[in-house]
Amino acid sequence: MGDFYDTLGVSKNADAKEIKSAYRKVAMKYHPDKNPGDSAAEEQFKEAAEAYSILSDDQKRAQYDQFGHAAFNQGGGGAGFHNMDLNDIFDHFGDIFSSSGFGSIFGSGGGRRGRSGPIRGSDLKITISLTLEEIFKGVDKTVKIKRFEPCGDCRGSGAAPGSNPVNCPSCQGSGEIRQVQQSFLGQVVNIQPCHHCKGRGQVVSSPCTKCNGGGKIKNAATVNLEIPVGVSSGNYMTQRGEGNHPGEGGSPGDLIIYFEEKVHPLFEREGSDIFLDCWIQYPQAVFGTTIQVPTLSGKVKLKIPAGIKSGQVLRLRGKGMQELNRNRFGDQLVRVNIETPKKVSKKAKSLMEDLSKELNDDVKFEKFN
Ligand SMILES: [Zn+2]
Ligand SMILES: [Zn+2]
């Protein structure tokens, strides 16, 4: 096992924020969703989780600084992440994976797999449209949503104030209905959630009047979102616990935010590259020139070589879109076309007539490509 600081790529005096952000980066790089079936990546992922668990805890970090790995070797296996199931790591660091939506960018929603337990509310899905500029810079958005929240009158219990939920008469409070069936294999016990109490085990005898006993009411809510740089249409992020509340005894679902890129008036995006057409005048193409080109990061100079052909594409390296979760930028590609005027001034007309005579109106042929 390597040095924990090296594992996260931070210096020995990195602060908590640096450690957290470094962990996020490393964890996302080796995230199992991004590296399916890659056991080396999984190992790196676990090692990063272990490093983070130590370095994010001041006391453990101090012990580690003093004694190194030996500080945690009692009982074998350090903090023990190597023996941990991936889901446990997701659970352990749930906030890291969901607070900025990083966990879900890759599709599976971080630590959601294999989770069961109390009733969970439904997920809410929304789509937000972003301009290329917003995607380029990253943006904070506040969205208004309508969702089920626990009823304030009964605090989500569904029972009228002064009354209490009672055990469900259908399942006697177990929340399950067992059915024993005879089959050629023998007895088969079929366990299903109780329909009467929807698996809760309890029912309300005197329902709350505000929520009709459901324990939840629809409210307007605002949610603040931190949209990461470089997202594309079809990417989404998850805000854990910002979805619908299921009512009594349950936990809320998630809010899933899909991104949609607005059409840009000038730029065309393909992955992290940005495409742009430009038209120059014939003399500029002959003599070459330097022009100012708009990019997502402002105007930059582009040198056009003398004798450029119409349709030739020039590349502005690193002037495209930043890649999602990476410190790497695409390019901007500028297709240089030669402007053919439909109308010209008197003076331009006479100059062009002279030029036309000088060039003998030569026509050249080439194989089509
Ligand atoms: Zn209520
Ligand atoms: Zn029941």
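Donors, for a metal such as zinc, are N, O and S atoms within 2.8 Å of it. With that in hand, let's walk through this predicted model, starting at its metal sites.

**Two zinc sites**

Along the chain, the donors of the zinc ion (ligand 2) follow the spacing C-x2-C-x22-C-x2-C. C168 sits in the loop between strand 3 (166-167) and strand 4 (176-183), while C197 is in the loop between strand 5 (186-193) and strand 6 (202-203), so this pair ties together parts that are 29 residues apart in sequence. Are C168 and C197 buried or exposed? C168 has 1% relative accessibility, so it counts as buried. C197 comes in at 3%, so it counts as buried too.

The zinc ion (ligand 1) has its own set of cysteines, and here the spacing reads C-x2-C-x53-C-x2-C. Among these donors, C151 is buried at 1% relative accessibility, and C154 is buried with a relative accessible area of 7%. The cut-off behind that word is under 20% relative accessible area.

Here are the two sites laid out:

| Zinc ion | Donors (atom SG) | Distance |
|---|---|---|
| ligand 1 | C151, C154, C208, C211 | 2.3 Å |
| ligand 2 | C168, C171, C194, C197 | 2.3 Å |

What about the geometry? For ligand 1, the angles among the 4 donor atoms run from 104 to 115°, and the site is tetrahedral. For ligand 2, the angles are 101 to 115°, and that site is tetrahedral as well. As a yardstick, the ideal angle for four tetrahedral donors is 109.5 degrees.

**A small sheet of three strands**

Now for the strands. The protein has 10 helices and 15 strands. Three of the strands make an open sheet in the order 1-9-8, with mixed pairing. Strand 1 (124-130) and strand 8 (236-239) stand at the edges with a single partner strand each, so one side of each has no neighbour in the sheet. On average, neighbouring strands here are turned by 25° against each other, ignoring direction.

How do strand 1 and strand 9 pair? Strand 9 (residues 255-261) runs parallel to strand 1, and 7 bridges join them. One of the residues involved is I128, whose bridge partner in strand 9 is F259.

**Around strand 11**

Strand 11 (residues 273-280) has two faces: I274, L276, C278 and I280 are on the covered one, and D273, F275, D277 and W279 are on the uncovered one. Strand 10 (residues 268-270) pairs with strand 11 in the antiparallel sense over 3 bridges, and R269 has I274 as its bridge partner. These two strands form a hairpin with 2 residues between them, and G271 in the turn has a positive phi of about 65°.

Strand 11 also pairs with strand 15 (residues 332-338), this time in the parallel sense over 7 bridges. There, C278 stands opposite V336.

**The whole chain, and how far to trust it**

Of the protein's 369 residues, 38% count as buried. Among contacts with a separation of 6 or more, 65% come from residues 24 or more positions apart.

The average pLDDT is 84, and 87% of the residues score at least 70. Where does the score stay under 50? Residues 74-80 are one such stretch, with 8 contacts beyond four places in sequence. Residues 98-117 are also under 50, with 57 such contacts in the model. Where pLDDT is low, the predicted coordinates should not be read in detail.

Key: Residues are numbered from 1 along each chain as its sequence is written. Chains are lettered from A and ligands numbered from 1 in the order in which they are written. This is a predicted model: local features need pLDDT of at least 70, side-chain atom pairs count only at pLDDT 80 or more; totals for chains, interfaces and linings use all residues. Side-chain values use heavy atoms; hydrogens and water are left out. Donors are N, O and S atoms within 2.8 Å of the metal (3.2 Å for Na, K and Ca); water is not among the atoms, so sites may look incomplete. Four donors count as tetrahedral if all angles lie between 85 and 135 degrees; four count as square planar and six as octahedral if opposite donors are over 155 degrees apart and all others between 65 and 115; anything else is irregular. Buried means under 20% relative accessible area, exposed over 50%, partly exposed in between (1.4 Å probe, protein chains only). pLDDT is the predictor's confidence in each residue, from 0 to 100. Contact means heavy atoms within 4.5 Å. Two strands pair if DSSP finds at least two bridges between them. Helices (H or I, at least four residues) and strands (E, at least two) are DSSP runs, numbered from the N terminus. Axes are lines fitted to C-alpha atoms, for helices over the stretch in contact, and angles run from 0 to 180 degrees between N-to-C directions.
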